[in-house]
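Let's take a walk through this structure together. Have the sequence and the 3D view open side by side.

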Amino acid sequence: MKQNKKQQFLEGMKDGIPIGLGYFAVSFTLGIAAKNAGMTAVQAAVTSALINASAGEFIGFTLIAANAGYLEVMIMEAVANARYLLMSCALSQKINPKTGLLHRMLMGFYVTDEIFGVSIARNNLESVYSYGVISMAAPGWSLGTFLGVLLGNIMPSRLTSALSVALYGMFAAVFVPPAKKNKVVAGLIGVSFLASYIVHKAAVFAEISSGIKIILLTVIISLAAAFLFPIKEEKEEEKA
């Protein structure tokens, strides 16, 4: 049964609530990094609203604290966030073909690992669903960063460390359900973990940045999976 726009938006909000709660917890540590870089709570919150990327923000705040130049910051941000290009390309195959350019740009702007996870699982992705997810997820990220600047250094270090682990819990919530339903997906997840560990530990890859490593592994494993385990699309019968 096809859902109307209101139902899709509400479903997006429902899927976005746990993401927003996770973002709120994790972004506390971003707030601490922003304060150490000399930023105010408002500046940190605006940065989170415009970047929507934990690794990118951590790198940005670290470089700001080190008095890095604009060019260096631009290059490092491009490398750290390049994986979102791959995610956007994947989501473009799921979006309703009738979706306009403005809606596509807004959806692309808010592509994150977790939003990508809930979006890619839909057969026919509508912009209104994405807006529902975003309405719950994005404020949690900015608000958490804002409060992190104000309260982060007051909180016990153990609590701050515990909050930073919440992001991994959200990742697990994204890939565990599909893995339980599909043995191929479960196997690919295991291969991804193993390959990531090897690349991280092997000395031969030491000079490659983490962002480039993620991109290379994503492309290689995705291509191998597509070649070895292709998904057969059902062809609609043509009406005479």
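What follows is a tour of two helix pairs, then some individual residues and salt bridges.

Please keep in mind that this is a predicted model.

Let's begin with helix α1, which covers residues 5-36, and its partner α3, residues 54-65. How do these two helices run relative to each other, parallel or antiparallel? Their axes are 8 Å apart and pack at an angle of about 20 degrees. An angle under 35 degrees counts as roughly parallel, and α1 and α3 are therefore roughly parallel to each other. The crossing of this pair is left-handed. If you want to find the contact on your screen, look on α1 for T29, L30, A33, A34 and N36, and on α3 for S54, E57, F58, F61 and A65. Sorted by class, the residues of this contact comprise six nonpolar, three polar and one charged.

The second pair joins helix α2, residues 41-51, with helix α8, residues 127-151. Here the axes come within 8 Å and cross at roughly 155 degrees. Angles over 145 degrees count as roughly antiparallel, so α2 and α8 are roughly antiparallel to each other. The crossing in this case is right-handed. On the α2 side, the residues to highlight are A41, V42, A44, A45, S48 and A49; they meet W141, S142, T145, F146, V149 and L150 on the α8 side. What classes of residue make up the contact of α2 with α8? Nine are nonpolar and three are polar, with no charged residues.

Now for the charged pairs. How many salt bridges does the model have? The count comes to two. One of them links E11 and R122, whose closest N and O atoms are 3.1 Å apart. E11 sits in α1, while R122 belongs to the loop between α7 (113-120) and α8, so this salt bridge ties together parts that are 111 residues apart in sequence. The two partners can also be described by their accessibility. E11 has a relative accessible area of 26% and is partly exposed. R122, with a relative accessible area of 15%, is buried.

The other salt bridge is formed by R83 and D113, with 3.2 Å between the closest N and O atoms. R83 lies in helix α5 and D113 in helix α7, so the pair connects parts that are 30 residues apart in sequence. Are these two residues buried or exposed? R83 is buried, and so is D113.

Two more residues are good places to pause. K5 is located in helix α1. With a relative accessibility of 65%, K5 counts as exposed. Trace the backbone here and you will find the C-alpha atom of K5 separated by 6.3 Å from that of V128, although these residues are 123 residues apart along the chain.

Our last stop is T99, found in the loop between α5 (83-92) and α6 (101-109). Its relative accessibility is 11%, and T99 counts as buried, since buried means under 20% relative accessible area. Which residues does T99 touch, leaving aside those up to four places away in sequence? They are R104, M107 and S127.

Definitions and conventions: Residues numbered from 1 in each chain as written. Predicted model: local features only at pLDDT ≥ 70, side-chain atom pairs only at ≥ 80, totals over all residues. Heavy atoms only, no water. Axes fitted to C-alpha atoms, helices over the stretch in contact; angles between N-to-C directions. Helix = DSSP H or I, 4+ residues; strand = E, 2+ residues; numbered from the N terminus. Parallel < 35°, antiparallel > 145°, perpendicular 65-115°, else oblique. Left-handed = near helix turned anticlockwise from the far one by under 90°. Contact = heavy atoms within 4.5 Å. Nonpolar A, V, L, I, M, F, W, Y, C, P; charged D, E, K, R; others polar. Buried < 20%, exposed > 50% of the residue type's maximum accessible area, 1.4 Å probe, protein only. Salt bridge = Lys/Arg side-chain N within 4 Å of Asp/Glu carboxyl O.
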